[in-house]
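User: Could you take a close look at one part of this for me, namely how the two copies sit against each other, and then walk inward from there?

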2 protein chains.
Amino acid sequence: MRHLHNRLDLCSINTGTLGYQTPISETIEAVARQGFGAICPWRRELEGVDTAATARQIRDAGLKVSGYCRSTYIPALDCDQFLANIADNRSAMDQAAELGAACFVMVVGSLPQGSKDLERAWAQVAEGTALLLEHARATGMPLALEPLHPMYANDRSCLNTLEQALDLAEAVEPETTTPLLGVAIDVYHVWWDSKLAGQIARAGRLNRIFGFHVSDWLVPTSDFLTDRGMMGDGVIDIPRIRSMVETAGYSGTVEVEIFSADNWWKRPIEEILSVCAERLQTVC
Amino acid sequence: MRHLHNRLDLCSINTGTLGYQTPISETIEAVARQGFGAICPWRRELEGVDTAATARQIRDAGLKVSGYCRSTYIPALDCDQFLANIADNRSAMDQAAELGAACFVMVVGSLPQGSKDLERAWAQVAEGTALLLEHARATGMPLALEPLHPMYANDRSCLNTLEQALDLAEAVEPETTTPLLGVAIDVYHVWWDSKLAGQIARAGRLNRIFGFHVSDWLVPTSDFLTDRGMMGDGVIDIPRIRSMVETAGYSGTVEVEIFSADNWWKRPIEEILSVCAERLQTVC
């Protein structure tokens with residue numbers, strides 16, 4: 001496993017960690033000033049902003065783009081909406097390419113409002129991913145399927161384990177040693193899984209690990225979405241999981257992604273970044 | 001799949017659904033009055049109460065005991081505490097036997113306070129389950145491992161999928177057609193799982209389905225523990241899962257288990273029971 005001490009160049013900040021307090025132009029400078037090697041912006045931050053200028057600013061600041069967050073949910077009650085969702089994702093992939101992102105992060109969605117039909121959601125996600133893979137081939141933009149914790153299975157994602165995401169990737173894009181369809185492994189979503197070690201090894205063999213995200217699981221957790229913990233403040237054995245991921249061949253960034261409405265988001269971004277930097281070097 | 005219309009005799013009430021508002025003696029009479037065929041009491045309700053008298057009252061009321069809730073958590077930081085946990089569970093199993101329970105429900109626990117070592121928790125659960133299986137053989141009391149939703153992986157249970165629970169059952173008690181170690185399948189905990197259909201079929205082949213629990217997943221869910229929904233009020237396709245379970249050979253009760261601090265627990269138990277009865281017959 002790589003040492004992270006004095007190696008913030010191996011680390012990335014997902015801007016969701018900062019609570020969207022500042023415009024992307026300021027966020028980029030703050031992340032670079034702290035010494036991080038990469039950034040993962042959100043689409044909402046690029047709205048009304050010149051993508052090419054942002055890409056240039058990121059490059060000039062010496063940062064890489066570890067990913068671009070994130071896909072529009074795929075499943076829909078009707079075909080028109082489904083196709084609109086796919087089209088929206090194609091546009092976002094183009095933007096990801098313009099930013100020079102290492103991958104486009106796919107949070108695939110789940111049950112459309114009023115539906116209880118998980119099997120249909122799974123089928124739509126498989127179909128939609130296949131359509132987006134064609135666009136990935138056309139643009140060279142890799143797709144990182146991010147399995148989400150099962151507590152998000154009703155709305156955010158019907159992909160809830162690494163095994164399920166890899167099964168999908170292998171079904172949609174079989175038999176390749178240079179896949180464009182991979183996974184983003186976020187410790188918050190997968191830490192509980194008894195099959196994790198085996199599935200990380202499998203993901204590595206398939207060359208499908210496109211991203212690795214860290215945060216922590218707080219005890220107690222007060223909110224389903226916005227009560228993630230800073231690394232070291234919860235119960236996840238992060239070094240154990242990072243060791244698995246890097247032993248499996250992953251050499252990309254360690255990306256911090258913390259949604260924390262009542263704690264970290266209330267602090268100045270310089271403080272958040274400083275604590276991230278310290279924890280990455282000491283407890284990850 | 002069995003019809004539940006006019007068949008409340010096939011249905012059970014887990015007393016946790018009623019919020020522990022009344023002494024067990026009153027609860028028994030209320031459940032029987034509504035026409036249910038069974039009840040699943042909690043240990044806390046038997047504290048300071050004569051177990052034999054309660055067992056007699058349940059029988060006299062015409063009720064079966066679909067299960068007894070629930071095990072003391074198994075994992076511990078030190079060996080003395082681990083052994084104390086096992087001893088505590090043996091006593092509870094004896095009580096379950098005295099009540100005539102169909103099974104003793106095992107919520108196995110997870111990380112002891114201060115620990116991040118999931119692998120150790122898994123190992124302790126396997127070891128502890130093997131010890132309790134010996135007591136199951138001595139007493140004839142079946143053990144139902146209940147996999148809990150992964151959002152409980154830090155404290156309540158490090159068994160989080162049906163597959164994991166069945167793997168454990170097969171490892172601890174291999175090669176039997178009359179197992180004493182099985183599973184309780186609760187739709188709230190397993191509904192999201194893409195491997196559910198296959199694992200329910202497997203559980204059936206192994207004769208290891210000892211219990212089936214229903215409630216619903218509310219959108220949004222406001223609390224990790226006590227915001228379960230009444231059947232029909234959430235997104236779980238309960239008939240789909242019940243059909244799988246019964247096709248797999250399960251012929252036990254359909255047990256309602258709803259923890260709902262801010263809604264159902266605030267209502268009179270007669271009202272809760274009446275709504276349970278209606279929903280069991282119409283949406284399950």
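Analyst: Take chain A, turn it by 180° with 0.0 Å of shift along the axis, and it lands on chain B with an RMSD of 0.0 Å. That means the two copies are related as by a two-fold rotation axis. Bear in mind that this is a predicted model, so the numbers here are all computed from its atoms.

Now the contact itself. On the chain A side, 21 residues are in contact, and they meet 21 residues of chain B. Sorted by class, the side of chain A that touches chain B is made up of 11 nonpolar, six polar and four charged residues. And 100% of the interface residues of chain A are interface residues in chain B too, so the copies meet through the same surface.

Moving inside chain A, there's an open sheet of nine strands with parallel pairing, and its order reads β3-β2-β1-β9-β8-β7-β6-β5-β4. The edges are β3 and β4 (68–69) of chain A, each of which pairs on one side only. For one of the pairings, look at β5 (residues 104–106) and β6 (residues 143–145) of chain A: they run parallel and are joined by three bridges. Within that pairing, F104(A) has L143(A) in β6(A) as its bridge partner.

Back to the β3 edge for a single residue. K64(A) belongs to strand β3 (residues 64–65) of chain A. Is K64(A) buried or exposed? Somewhere in between: it has 18 C-beta neighbours inside 10 Å, so K64(A) counts as partly exposed, given that buried takes 20 or more and exposed 12 or fewer. Leaving aside residues up to four places away in sequence, K64(A) touches G37(A) and A38(A). Its C-alpha atom is also 9.3 Å from that of L99(A), which sits 35 residues away along the chain.

L99(A) is a handy link to the helices, as it is one of the α4(A) residues that meet α3(A). Helix α3 (residues 51–60) and helix α4 (residues 79–99) of chain A have axes that come within 8 Å and cross at roughly 35°. On the α3(A) side, the residues involved are T51(A), A52(A), T54(A), A55(A) and I58(A), while α4(A) brings Q95(A), E98(A) and L99(A). By class, this helix contact has four nonpolar, three polar and one charged residues.

Methods: Residues numbered from 1 in each chain as written. Chains lettered and ligands numbered in written order. Predicted model: local features only at pLDDT ≥ 70, side-chain atom pairs only at ≥ 80, totals over all residues. Helix = DSSP H or I, 4+ residues; strand = E, 2+ residues; numbered from the N terminus. Contact = placed C-beta atoms within 7 Å. Least-squares fit on C-alpha atoms with pLDDT ≥ 70 in both. Nonpolar A, V, L, I, M, F, W, Y, C, P; charged D, E, K, R; others polar. Pairing = 2+ DSSP bridges. Axes fitted to C-alpha atoms, helices over the stretch in contact; angles between N-to-C directions.
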